[in-house]
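Open the structure in your viewer and keep the selection panel at hand. Each stop says what to pick and what to look for.

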Amino acid sequence: MGNLDGKVAFITGGARGQGRAHAVRLAGDGADIIALDICAEIDSMDYPNATPADLEQTVKLVEDQGRRIVARQADVRDADAVDAIVRAGVAELGRLDIVVANAGIVRLSEGPNRRQIFRDIIDVNLIGVWNTVEAAIPTLIGGGRGGSIVITSSSAGLKATGTDRAGGQAYAAAKRGLVALMQVWANHLGPHSIRVNTIHPTGVATGMVMNETMAKLFEANDEALSAMQNVLPIQILQPEDVAGAVAWLVSDEARFITGTAWPLDAGFAVR
């Protein structure tokens with residue numbers, strides 16, 4: 001028996017990386033899962049996105065935990081598609097208790113179209129989170145059981161570093177904007193016993209970071225990365241590290257915690 005038995009969690013970016021780790025960990029704790037991922041490329045980005053096969057693997061891993069999962073391909077920028085997936089998931093699984101708004105993108109290298117890079121990152125990382133939570137709120141309130149919303153921000157959402165690149169600027173702006181959204185929602189939803197918090201990981205070993213383009217930036221000690229150093233001798237987190245923290249935050253053990261911006265950053269914010 002897990003501490004999330006009978007609950008349902010909606011997770012975006014669920015095909016790989018942190019999203020998959022959240023799905024598997026929360027399923028291990030007893031939750032059924034609604035998972036969404038674009039599973040397609042975004043032309044302005046400089047690394048490959050997750051694939052349908054990745055999402056199928058998440059389904060298998062959740063089912064291996066003995067839990068049910070409704071997994072669909074959709075773009076968080078498409079509010080109607082997000083709404084439809086929440087409705088389909090709730091229709092099949094019966095309820096909604098937890099939201100992990102995790103989907104996000106980044107580009108730290110130079111690119112040919114600064115305006116498009118900036119817009120795409122804002123649209124996915126900020127508007128996509130708004131679409132995700134907006135789709136879930138009516139069901140969370142209607143359930144009358146409270147709930148927990150966790151928004152994946154970043155260490156950049158607490159401490160931005162200097163760059164002239166549109167991707168880094170957009171990423172920091174979006175991730176800081178999520179803190180404001182979190183605070184608004186925490187105040188608005190608190191009377192319904194719905195908790196809202198942001199998490200702020202440092203670098204995590206996911207496809208967004210562990211790719212050829214990012215490796216070249218690291219090798220060149222590129223200015224976009226050189227200021228990003230942790231205090232602890234931990235170069236990078238694993239997705240399961242973040243999932244463990246989130247599993248606690250959505251559990252009843254954290255029932256009194258809302259409106260917080262939680263650094264999961266190996267000391268990055270205090271350096």
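The tour below starts with the sheet and then moves to strands, helices and single residues.

**Stop 1: the sheet**

Keep in mind that this is a predicted model. Show the strands alone. They form an open sheet of seven strands, paired in parallel, in the order 3-2-1-4-5-6-7. Strand 3 (69–73) and strand 7 (261–264) stand at the edges. Each has a single partner strand, so one side of each has no neighbour in the sheet. Look along the sheet for the twist, which averages 15 degrees from one strand to the next.

**Stop 2: strand 1**

Select residues 8–12, which make up strand 1. Is this strand enclosed or not? Five of its five residues are buried, so the rest of the structure largely encloses it. Now show the side chains. V8, F10 and T12 point one way, A9 and I11 point the other way, and all are buried. In a regular strand, side chains alternate between the two faces of the sheet.

Add the strands that pair with strand 1. Strand 2 (residues 32–37) pairs with strand 1 in the parallel sense over five bridges. One pair to label is V8 and its bridge partner in strand 2, D32. Strand 4 (residues 98–101) also pairs with strand 1 in the parallel sense, over three bridges. Here, label A9 and its bridge partner I98.

Next, show helix 1 (residues 17–28) together with strands 1 and 2. Trace the path from strand 1 through helix 1 to strand 2: the three make a right-handed β-α-β unit.

**Stop 3: the loop after strand 4**

Go to the loop between strand 4 and helix 4 (114–143), and pick N102. Is N102 buried or exposed? Its relative accessibility is 10%, below the 20% cut-off, so N102 counts as buried. A polar atom of the N102 side chain lies 3.5 Å from the backbone oxygen of G13. Beyond four places in sequence, N102 is in contact with T12, G13, Q18, G19, H22 and T152.

Step to A103, in the loop between strand 4 and helix 4. A103 is buried too, with a relative accessible area of 15%. Which residues does A103 touch, not counting those up to four places away in sequence? They are T12, G13, V76, V124 and N125. Draw a C-alpha distance from A103 to V129: the two are 26 residues apart in sequence and 7.7 Å apart in space.

**Stop 4: helix 3 against helix 4**

Select helix 3 (residues 79–93) and helix 4. Their axes come within 9 Å and cross at roughly 35 degrees. The crossing is right-handed. From helix 3, the contact uses A79, V82, D83, V86 and V90. From helix 4, it uses N131, T132, A135 and T139.

**Stop 5: strands 6 and 7**

Move to strand 6 (residues 194–201), which pairs with strand 7 in the parallel sense over four bridges. Find H200, which stands opposite P263 in strand 7.

Then select T198, in strand 6. With 0% relative accessibility, T198 counts as buried. A polar contact of 2.9 Å joins the side chains of T198 and H200. Beyond four places in sequence, T198 is in contact with I151, S153, L178, V179, M182, T260, A261 and W262. For a C-alpha distance, pick T198 and G244: they are 46 residues apart along the chain and separated by 15 Å.

**Stop 6: helices over the sheet**

Show helix 5 (residues 166–189). Helix 5 lies across strand 5 (147–152), strand 6 and strand 7, and runs at about 165 degrees to strand 6.

Finish with helix 8 (residues 239–249). Helix 8 lies across strand 4, strand 5, strand 6 and strand 7, running at about 165 degrees to strand 6. Which residues of helix 8 are buried? Colour P239, V242, A243, A245, V246, A247 and L249. These buried residues pack against helix 1, strand 4, strand 5, strand 6 and strand 7.

Notes:
Residues are numbered from 1 along each chain as its sequence is written. This is a predicted model: local features need pLDDT of at least 70, side-chain atom pairs count only at pLDDT 80 or more; totals for chains, interfaces and linings use all residues. Side-chain values use heavy atoms; hydrogens and water are left out. Buried means under 20% relative accessible area, exposed over 50%, partly exposed in between (1.4 Å probe, protein chains only). Helices (H or I, at least four residues) and strands (E, at least two) are DSSP runs, numbered from the N terminus. Two strands pair if DSSP finds at least two bridges between them. A crossover is right-handed if, with the strands pointing away from the viewer, the path from the first strand over the helix to the second runs clockwise. A polar contact is a pair of N or O atoms within 3.5 Å; within protein, one must be able to donate a hydrogen and the other to accept it, and residues adjacent in sequence count only if both atoms are side-chain atoms. Contact means heavy atoms within 4.5 Å. Axes are lines fitted to C-alpha atoms, for helices over the stretch in contact, and angles run from 0 to 180 degrees between N-to-C directions. A crossing is left-handed if the near helix is turned anticlockwise from the far one by less than a right angle, and right-handed if clockwise.
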